[in-house]
Amino acid sequence: MAQPKVSIIIPVYNGSKYLEECLRSILSQDYSNLEIIIVDDGSTDGSASIAKNIASCDQRIIVLTQVNAGPGAARNLGLSCASGEYILFVDSDDLLIRNAVSNSVRLAETKHADLVCFDFESFDDSHVMGRTLSKEFPKYLTSTSRECLMEMYTDHLGYFSWSFLYKANIFTDDGMRFPENILMLEDMLMLNTIFRLQLKVAYIPRALYRYRITSDSLSHGKSIKKAEDALIVIEHVIDMSYADKTIHIFAPSAIRFLVYIDEITPIGVSIKKLMLHRRIKQLLRKMLGVTNTNEFDLKTKIKIFLTLANLQQIISPYHKL
């Protein structure tokens, strides 16, 4: 049987340090019918040149460039050019395990699934750290998309666009796109929208993706823009959860994200920061009204209290979002 084409979309912004390693992991897949779309998002470090040099040796690679507009816009440009029956997203500093594509496509075809969810392992330049989510990977063979969303809400899955193989018609027929001009949690908003469609999900309980922890990833450092963007996403998802009566399941996760947003807000006094803190505290109180505080350990309870007291914390529950 002919292999269905898989379009792999890679947004790149100043990713020259790891881009070649990322591309080698894709080019060494035991699956040949690939379309590899690299979208350079206004890099200033030569990332586009690296991509074009490698593309000159493999006709499956397409290199697109755009003025810096963020990861959501870069993925959307890639989607507009994709011709595959399936879509994968890969971040430019991460790696695919050699049989990631073949295993995912095989399961999608045999289970007639709209999405395939696979596990991941985190690593840095010195060692592999394994799975970094607090709870085990789902035990389903298949599920509805709504059940998959509940696994995200309860921390069995992360809000990572790269942890799924997607049928392309999710994006072509249903018009799904990433939010643009959002620098934080854009995956979260897109996934919350997709998983409210009536879709079938299949699961591979093995790590097929290697997620690199770096000190300079987008989510590191304090930024009012990143905090504001993340809060916009959380507000949207809270509204979605109220609308379909899943708020009591999402609330504990929402609270942890609200505390995290407080942590990435810059130290100092400004009108923007005061307004942001006001919105965070209002949402925290609202979410605490629909969840059981016994779900949180003592450390998290202290962090919630400090956030409500308008104090800034340093430790983040997530390395890279």
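1. Let's start with a salt bridge: E186 and R75 pair up, and their closest N and O atoms are 3.0 Å apart. Bear in mind that you are looking at a predicted model. The two partners come from distant parts of the chain, with E186 in helix α7 (residues 186–194) and R75 in helix α3 (residues 71–81), 111 residues apart. Are these two charged residues buried or exposed? E186 has a relative accessibility of 5%, under the 20% limit, so it counts as buried. R75, at 3%, is buried because it falls under that 20% limit too.

2. That pair doesn't stand alone. R75 and E186 belong to a network of salt bridges that also takes in D91 and D187. If you search the whole structure, you'll find 15 salt bridges.

3. Now have a look at helix α3, where R75 sits. Of its 11 residues, 8 are buried, so the helix is largely enclosed by the rest of the structure. Which ones are buried? They are P71, G72, A73, A74, R75, N76, G78 and L79. And what do they pack against? On the strand side you have β1 (6–12), β2 (34–41), β3 (61–66) and β4 (86–89), and the helices are α6 (169–172) and α7.

4. Another salt bridge to pick out is D119 with R131, at 2.6 Å from N to O. D119 is in strand β6 (residues 115–123), while R131 is in the loop between β7 (128–130) and β8 (142–144), so this bridge ties together parts 12 residues apart in sequence. The two ends sit in different settings: D119 is buried, with 9% relative accessible area, whereas R131 is partly exposed at 24%.

5. Then there's R146 with D244, whose closest N and O atoms are 3.4 Å apart. R146 belongs to helix α5 (residues 145–153) and D244 to the loop between α8 (224–243) and α9, so parts 98 residues apart in sequence are tied together here. R146 is partly exposed, with a relative accessible area of 32%, and D244 is partly exposed too, at 22%.

6. On to the nonpolar interior. The largest nonpolar core has 62 residues, and the members touching the most others are Y166, F171, I194 and F195. Which helix supplies the largest share of this core? That would be α9 (residues 247–263), with 10 residues. Apart from this core lies another one, of 40 residues, including I10, L34, F118 and I204.

7. I194 is a good place to zoom in. Once you set aside residues up to four places away in sequence, I194 touches L115, Y166, I170, F171, M176 and L199. Two of these partners, Y166 and F171, are also on the list of members that touch the most others in the largest core.

8. Next, L197, which is found in the loop between α7 and β10 (200–212). L197 is partly exposed, with a relative accessible area of 24%. Beyond its neighbours within four places in sequence, L197 is in contact with S145, D174 and M176. M176 is also touched by I194. If you'd like a distance to check on screen, the C-alpha atoms of L197 and D114 are 11 Å apart, though these positions lie 83 residues apart along the chain.

9. What about the surface? V269, I271, L274 and M275 form a nonpolar patch there, together offering about 460 Å² of accessible area. V269 is placed in the loop between α9 and α10 (271–288). Its relative accessibility is 78%, over the 50% limit, so V269 counts as exposed.

10. Finally, the overall picture. The protein has 11 helices and 10 strands, and its C-alpha atoms fill a box of roughly 60 × 45 × 40 Å along the principal axes. Its radius of gyration is 20 Å, which agrees with the value near 20 Å for a compact globule of 321 residues. Buried residues account for 55% of the 321. Among contacts between residues at least 6 apart in sequence, 81% join residues at least 24 apart. As for the accessible surface, it comes to about 14,200 Å², and 54% of that belongs to carbon and sulfur atoms.

Notes. Residues are numbered from 1 along each chain as its sequence is written. This is a predicted model: local features need pLDDT of at least 70, side-chain atom pairs count only at pLDDT 80 or more; totals for chains, interfaces and linings use all residues. Side-chain values use heavy atoms; hydrogens and water are left out. A nonpolar core is a set of buried Ala, Val, Leu, Ile, Met, Phe, Trp, Tyr and Cys residues joined through side-chain atoms within 4.5 Å. Buried means under 20% relative accessible area, exposed over 50%, partly exposed in between (1.4 Å probe, protein chains only). Helices (H or I, at least four residues) and strands (E, at least two) are DSSP runs, numbered from the N terminus. Contact means heavy atoms within 4.5 Å. A salt bridge is a side-chain nitrogen of Lys or Arg within 4 Å of a carboxyl oxygen of Asp or Glu. The radius of gyration is taken over C-alpha atoms; the globule rule is 2.2 Å times the number of residues to the power 0.38. Accessible areas come from the Shrake-Rupley method with a 1.4 Å probe; for residues, only the protein chains shown count as cover. Patches are made of residues with over 30% relative accessible area and no salt bridge: like charges are joined within 9 Å, nonpolar side chains (Val, Leu, Ile, Met, Phe, Trp, Tyr) within 5 Å.
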